[in-house]
Amino acid sequence: MRARLFTIAFIIVSNSIHAQQPPQSALDIEQFIEEIFAVQNGAVSSDELFETLLLFYSDPIDLNNTTTEELRSLFILSENQLRSFINYQEKNGRFLSLYELQAIPDFDLITINKLLPFVTVRDHGLISDNRSLIKRMLSEPNNYLLIRYEETLENKAGFKAKNDSTPAAYLGGSGKYYTRFRASHSRDFSIGFTAEKDAGEQLKWNSETKQYGADFYSGHIQVQNQGRLKNIVIGDYQIQFGQSLIFGSGFNVGKGAETITTVRRSNVGIRPYTSVIETNFFRGGATTIELNKNTEATVFYSRLNQDASQSDTLNFISSIQQSGFHRTRTELSNKNTITEQNYGGTLLYNHPSRNFSIGSNILFTDLSKPLIRADRVYNRFEFSGSNNYTTSLFADWNWQNFSLFGEFSRSESGGLGGLFGLIGSLSPKIETSILLRNYEKDFHTFYGNAFGESTRNINESGWYWGLKYTHSRQWLFTAYFDSFKFPWLRAGINAPSTGYEYLGRITYRPTREIVIYAQLREQSRADNPSANEQDAVIRFPVEGIKRNYLVNFDYPATENISFKTRVQWSSYDFNSTLTEGYAVWQDVNLSYRKFKLSGRMALFDTDDFENAQYAFERDVLYAFSVPAYNGLGTRQYILLQYSPTKKLTFWLKYARTSFRNRDSIGSGNELINGNKRTDIRGQVRINF
């Protein structure tokens with residue numbers, strides 16, 4: 001112990017850890033997400049990830065009271081680093097200081113700097129909280145009320161009809177309202193509710209239509225670690241176990257510049273649902289109970305009304321709606337058309353000392369009306385009926401420098417789905433990941449979100465290989481190659497097809513603050529040519545190759561001013577036609593006392609939507625912007641954050657997109673007559 005204290009003291013005195021300061025606002029966490037996952041093609045949904053990271057930032061993980069799965073959910077530590085962490089703690093006991101992180105084998109300064117904002121070391125013997133649960137809830141400092149308003153200033157066609165006293169396309173006003181309250185403490189409790197009205201929806205009180213104010217409400221109460229009762233949630237929630245073949249909504253990220261840690265899913269269990277996406281969650285109750293030291297059981301029940309398109313003459317539905325919009329009479333007629341019931345559970349056995357876990361999932365789904373899809377060839381193997389059940393077996397095993405994991409599942413139709421992966425450290429500088437997957441064309445999973453090219457785990461097989469090479473503290477290289485196949489037809493593709501995707505990124509950090517990286521991404525996928533491109537009765541799919549390039553430069557001018565410069569461009573080669581596009585933008589971020597200001601100036605020029613340039617923007621807390629720059633024009637935004645007190649914060653965002661090659665924007669009810677679109681967003685957060 002004396003030698004250990006001397007080592008910690010030496011690290012502190014020599015200041016060799018050079019730890020970064022924790023994020024000063026949600027903006028810094030957004031930047032962290034963008035850097036780690038390289039948001040591209042608008043495919044990454046960051047809401048739940050951001051919520052998790054912000055919760056860990058507000059109430060950091062106690063390194064003396066955590067689990068491997070909890071640390072893995074940060075997507076920062078490699079499997080080798082996780083094992084080194086556990087071995088160090090088993091050998092040396094409780095952590096005395098965060099400075100000990102540098103003493104753990106395999107922990108480098110870049111990893112430590114990313115980890116520091118989300119972890120802490122607490123002395124439970126001196127400051128443990130022995131108050132009752134009710135008192136802890138009532139006095140929790142990590143609570144807030146959030147109120148947001150946003151609107152597009154230009155008139156859209158749907159609202160013009162209403163103003164002209166003609167039959168309204170949109171029944172409600174053009175403003176979007178959002179209210180949220182949450183009080184939570186990591187691994188203890190959480191209470192929250194959310195209310196939202198989208199632009200075009202009505203804000204009214206009508207008992208006949210069962211609308212009371214806003215169009216969408218969500219809420220939850222969660223209690224954790226009460227003896228054998230490990231977790232219980234009443235209200236809206238999500239579940240993730242195994243590799244997300246059955247339970248995996250909301251907690252996964254797509255393929256990106258982080259090629260190792262994001263391949264494997266974690267057993268995060270039951271989590272409160274806090275997003276305003278009105279699908280892909282459960283509503284009811286769920287609980288996890290500890291059966292013995294190594295075994296726990298999770299059971300749940302959910303009853304939720306879903307939007308669906310219903311046949312006029314027959315008592316069935318043709319599709320389940322995912323948009324969540326209720327702006328027009330047609331959308332309102334589809335609201336809450338069916339009732340969906342889900343029930344099931346998970347049995348999980350975990351043996352930490354042997355680095356092994358195994359579990360089983362089961363999910364039953366009942367629809368109040370049968371689902372019968374349109375009579376199309378590509379729908380031949382899609383789910384049909386009102387009942388479905390899915391079961392799976394999953395396991396993971398850590399052996400030396402390798403981690404093996406997998407899940408195999410069967411749905412009621414007899415269709416099978418499965419994936420198997422491996423993550424390993426080949427040397428202190430080289431990490432690799434391999435994943436094989438196969439989801440048969442009649443495999444039906446409604447809440448699965450496992451690794452794949454498609455948004456659903458059906459009609460797909462493939463293999464993925466990822467690589468990370470850390471040459472030094474300054475140089476990092478990451479890459480992946482993914483090959484995939486669709487054995488049956490898909491919507492818009494008239495034959496079985498294949499494709500591939502690869503990415504390479506090289507990152508240079510001359511200092512802790514300056515980050516420079518360049519990236520290449522190529523994707524090959526088949527698509528049907530348009531009718532005027534192929535003169536044939538049957539249009540056969542043609543391979544399209546898309547290439548994306550980007551160069552990014554993050555650099556600080558002073559402690560209060562930083563810059564980001566990015567150039568990205570692309571090409572799309574399809575049916576003997578080559579189209580291109582590019583975007584260039586400059587970000588400026590300033591911080592002065594109680595004010596933070598972020599701004600951007602972007603120029604873009606694209607030949608078609610296939611070359612749209614997706615750009616991650618900073619935004620108000622819990623809001624995300626990944627606009628598609630398409631056409632010829634410019635985009636600017638300014639985001640102001642002001643915190644007059646520790647308990648009160650204001651945000652205001654102004655964004656405008658101007659086009660030079662068009663006289664209108666959008667189509668249908670979203671049509672704007674003119675070449676400019678201006679969006680404003682204001683928000684206030686109150687901490688009690």
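**Figure 1. Thr432 and its surroundings in strand β20.** In this predicted model, leave aside the neighbours within four places in sequence and Thr432 is in contact with Ile260, Leu422, Ile423, Gly424, Leu426, Trp465 and Gly466. Thr432 itself sits in strand β20, which covers residues 430-439. Two of the residues it touches are also polar partners. The side chains of Thr432 and Trp465 are joined by a polar contact of 2.9 Å, and the Thr432 side chain also reaches the backbone oxygen of Gly466, at 3.0 Å. Is Thr432 buried or exposed? Its relative accessible area is 8%, so Thr432 counts as buried.

**Figure 2. A nonpolar patch on the surface.** Look here for Phe408, Phe420, Ile434, Leu436, Trp463 and Trp465, which form a nonpolar patch with about 600 Å² of accessible area together. Trp465 may look familiar, as its side chain makes the 2.9 Å polar contact with Thr432. Strands β20 and β21 (460-470) each supply at least two residues of the patch. One patch member, Trp463, has its place in strand β21. With a relative accessible area of 40%, Trp463 is partly exposed.

**Figure 3. The largest nonpolar core.** In soluble globular proteins, nonpolar side chains tend to be buried together. Here the largest nonpolar core has 19 residues, and Leu101, Phe107 and Leu115 touch the most other members. Two elements, α5 (79-92) and α6 (109-115), give two or more residues to this core. The helix that gives the most is α5, with 3 residues. Which residues does Leu115 contact, leaving aside its neighbours within four places in sequence? They are Leu74, Ile76, Leu77, Leu101 and Phe107.

**Figure 4. His220 and the residues around it.** The setting for this view is strand β8, where His220 lies. A polar contact of 2.8 Å joins the His220 side chain to that of Ser190. Not counting residues up to four places away in sequence, His220 touches Arg182, Ser190, Ile191, Gly192, Val233, Ile234, Gly235, Asp236, Pro272, Tyr273 and Thr274. At 5% relative accessibility, His220 counts as buried.

**Figure 5. A salt bridge between Glu670 and Lys156.** The closest N and O atoms of Glu670 and Lys156 are 2.8 Å apart in this salt bridge. The pair links distant parts of the chain, 514 residues apart. Glu670 is in the loop between β33 (664-665) and β34 (672-673), while Lys156 is in the loop between β3 (143-152) and α9 (157-163). The two partners also make a nice contrast in burial. Glu670 is partly exposed, with a relative accessible area of 30%, whereas Lys156, at 8%, counts as buried.

**Figure 6. A salt bridge between Lys335 and Asp215.** Here the two side chains meet at 3.1 Å, N to O. Where in the chain do Lys335 and Asp215 lie? Lys335 is in the loop between α10 (329-333) and β15 (338-351), and Asp215 is in the loop between β7 (211-213) and β8 (216-226). These distant parts of the chain are 120 residues apart. Both Lys335 and Asp215 are buried.

**Figure 7. A salt bridge that involves strand β21.** Lys468 forms a salt bridge with Glu258, and their closest N and O atoms are 3.0 Å apart. Lys468 is in strand β21, and Glu258 is in the loop between β9 (229-240) and β10 (269-272). This pair, too, links distant parts of the chain, 210 residues apart. Both Glu258 and Lys468 are buried.

**Figure 8. A network of salt bridges.** Which residues are linked in the network? They are Lys255, Arg437, Glu453, Glu460, Asp482, Glu501, Arg521 and Arg525. The structure holds 28 salt bridges.

**Figure 9. Placing the close-ups in the whole chain.** To find your bearings, keep in mind that the protein chain has 10 helices and 35 strands. Of its 688 residues, 51% are buried. Among the contacts with a separation of 6 or more, 61% are made by residues 24 or more positions apart. The chain exposes about 31600 Å², and carbon and sulfur atoms supply 56% of that area.

Methods: Residues numbered from 1 in each chain as written. Predicted model: local features only at pLDDT ≥ 70, side-chain atom pairs only at ≥ 80, totals over all residues. Heavy atoms only, no water. Core = buried A, V, L, I, M, F, W, Y, C linked by side-chain atoms within 4.5 Å. Buried < 20%, exposed > 50% of the residue type's maximum accessible area, 1.4 Å probe, protein only. Helix = DSSP H or I, 4+ residues; strand = E, 2+ residues; numbered from the N terminus. Contact = heavy atoms within 4.5 Å. Polar contact = N/O pair within 3.5 Å; in protein donor to acceptor, adjacent residues only side chain to side chain. Patch = residues over 30% accessible without salt bridge, like charges linked within 9 Å, V, L, I, M, F, W, Y side chains within 5 Å. Areas by Shrake-Rupley, 256 points an atom, 1.4 Å probe, with all protein chains shown as cover. Salt bridge = Lys/Arg side-chain N within 4 Å of Asp/Glu carboxyl O.
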